[in-house]
Amino acid sequence: MEQASKLADVSRQFIDRINKKESLVAIVGLGYVGLPLIMGFNKIGFSTLGIDIDEDKINSLADRKSYIAHFSDDGIAEMVDTGRFVASTDFSRLKEADAILLCVPTPLSKHHEPDLSYVTDTTKAIAPYVRKGQLIILESTTYPGTTREVLQPILEEGSGLVADEDFIVAYSPEREDLGNPDFDTATIAKVVGATTSQGLDMATALYETLIGKVVKVSTPETAEAVKLTENIFRAVNIALVNELKMIYDDMGIDVWEVIDAAATKPFGFMPFYPGPGLGGHCIPIDPFYLTWKAREYDHQTRFIELAGEINASMPDFVVHKVMLALNERGKALKGARVLVLGIAYKKNIDDMRESPAVVIMEKLRDLGARISYSDPHVLVFPKMRRHHFDLKSKKLTPQVLRESDCVLLATDHDAFDYDMIAQHAPLIVDTRGRFSATVENVIKA
Ligand SMILES: NC(=O)c1ccc[n+]([C@@H]2O[C@H](COP(=O)([O-])OP(=O)(O)OC[C@H]3O[C@@H](n4cnc5c(N)ncnc54)[C@H](O)[C@@H]3O)[C@@H](O)[C@H]2O)c1
């Protein structure tokens, strides 16, 4: 009883400060998720503290420069100019914060298992500075149970304080979709779950200042499961259309035409599109967080495994199609000049993480093809952990197109001049269904 009323007081004071915009909102991890979030809270009037272990990012922010192409230098300068933004590598500054939001990576390990080391390292670094009345929200995508079973005990141990009494933890997943002009942080509904009703009220009050719609769920585990469910849904549906693509291809049917026609059904169908394989930080990775946790409950995640298998086989399908298309023209892949268009993992952005285009480029190179690429968003092939190409983006001209034996459309950026490509490329292998089936020299893959 005493504990409940103590918590009610904490919650009331927290919400009061939020409503008056007196709170200091801290974001730990200033990457693709953390940076727009801190810009959002800053813009609506909060004092904001950004913490990252990457000194280059902190220095860049101090220099009023962006390090993510999607966000302009002007946007960063605007935030710095408010005088309500501090960026630092010094975790002790978190003592000052009312709310601490964690946006650190959650990749897979070499063995395809959840790698929570970023979350645990960050939580350990925060713990000594946690103080009474603070709200700590995990935003990283993860399996159900992480907030309560992993984050909370580390915070209690490191701070000597008691969760749900002195401080409160919550979980709220991110739904950023960089490059999508229809949505931004403020217009995407946000799901929140906390360990107590007071904590849920606190987190909701915070997010409601910035986001149009906040969806409360009963526990952090539910909120964690919501995020995984969304991404598993995508991974499985993309695998399904990828499988249909291969079947219809053998039947001489264009899967993109099928999907577009099916999508005219006003109910019960949602279009997903095939491609050269999965890319990005989320869809190829997140489903396997559930796979790992499900084993604790003696469950096999068969849909997830199958979807992973099909999606991961797409680069081989594309390579095979390139080989067949060249063969038909009396050419071997070995020695062929293959120009890859679009190497970012999705269109109109520069993000290369898990890009299937790179896997395809590597497979083609291993088979002896001479690889070049053109991508207006990735002018120099970046340093990647597992891939290496010493290449620069080629400017797309009629001559460059004519000089290639095969033009492989891996990512269909809007900036490409598709008419010019169709007119000058001797052979186009199209993994995105961008070219109409009637264009000569186009092979769908
Ligand atoms: N990128 C997306 O579109 C997206 C969308 C939804 C959810 N997510 C999830 O959000 C989380 C963050 O993803 P992201 O894309 O922003 O990653 P990111 O790699 O772009 O950014 C993570 C940041 O955390 C920093 N960091 C790493 N360890 C740290 C530590 N110990 N202390 C402080 N900072 C640390 C890194 O330097 C980096 O700046 C992941 O769980 C991801 O799955 C990402």
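Two residues are in contact if their C-beta atoms, placed from the backbone, lie within 7 Å. The exercises below use a predicted model.

**Exercise 1.** Find which residues of α8 and α11 meet.

*Solution.*
- Step 1. Locate the helices: α8 spans residues 220-251, and α11 spans residues 302-328.
- Step 2. List the α8 side: Ile-232, Ala-235, Val-236, Ile-238, Ala-239, Asn-242, Glu-243 and Met-246.
- Step 3. List the α11 side: Phe-303, Ile-304, Leu-306, Ala-307, Ile-310, Asn-311, Met-314 and Phe-317.
- Step 4. Sort the residues of this contact by type: 13 are nonpolar, 2 polar and 1 charged.

**Exercise 2.** Describe how α8 and α11 are arranged.

*Solution.*
- Step 1. Two packed helices are described by the angle between their axes and the distance between the axes.
- Step 2. For α8 and α11, the angle is about 50 degrees and the axes lie 8 Å apart.
- Step 3. Angles under 35 degrees count as roughly parallel, and 65 to 115 as roughly perpendicular. The pair α8 and α11 is therefore oblique.
- Step 4. Add the handedness: α8 passes α11 in a left-handed crossing.

**Exercise 3.** Decide how compact the protein chain is.

*Solution.*
- Step 1. Count the elements: the chain has 14 helices and 13 strands.
- Step 2. Compare the radius of gyration, 24 Å, with the 22 Å that the globule rule gives for 445 residues. The two are close, so the chain is as compact as a globular protein of that length.
- Step 3. Give the box: along the principal axes, the C-alpha atoms fill roughly 80 × 50 × 40 Å.
- Step 4. Check burial: 44% of the 445 residues are buried.

Note on methods
Residues are numbered from 1 along each chain as its sequence is written. This is a predicted model: local features need pLDDT of at least 70, side-chain atom pairs count only at pLDDT 80 or more; totals for chains, interfaces and linings use all residues. Axes are lines fitted to C-alpha atoms, for helices over the stretch in contact, and angles run from 0 to 180 degrees between N-to-C directions. Helices (H or I, at least four residues) and strands (E, at least two) are DSSP runs, numbered from the N terminus. Angles under 35 degrees count as roughly parallel, over 145 as roughly antiparallel, 65 to 115 as roughly perpendicular and the rest as oblique. A crossing is left-handed if the near helix is turned anticlockwise from the far one by less than a right angle, and right-handed if clockwise. Ala, Val, Leu, Ile, Met, Phe, Trp, Tyr, Cys and Pro count as nonpolar, Asp, Glu, Lys and Arg as charged, and the others, Gly among them, as polar. The radius of gyration is taken over C-alpha atoms; the globule rule is 2.2 Å times the number of residues to the power 0.38. A residue is buried if 20 or more other C-beta atoms lie within 10 Å of its own, exposed if 12 or fewer, and partly exposed in between; C-beta atoms are placed from the backbone.
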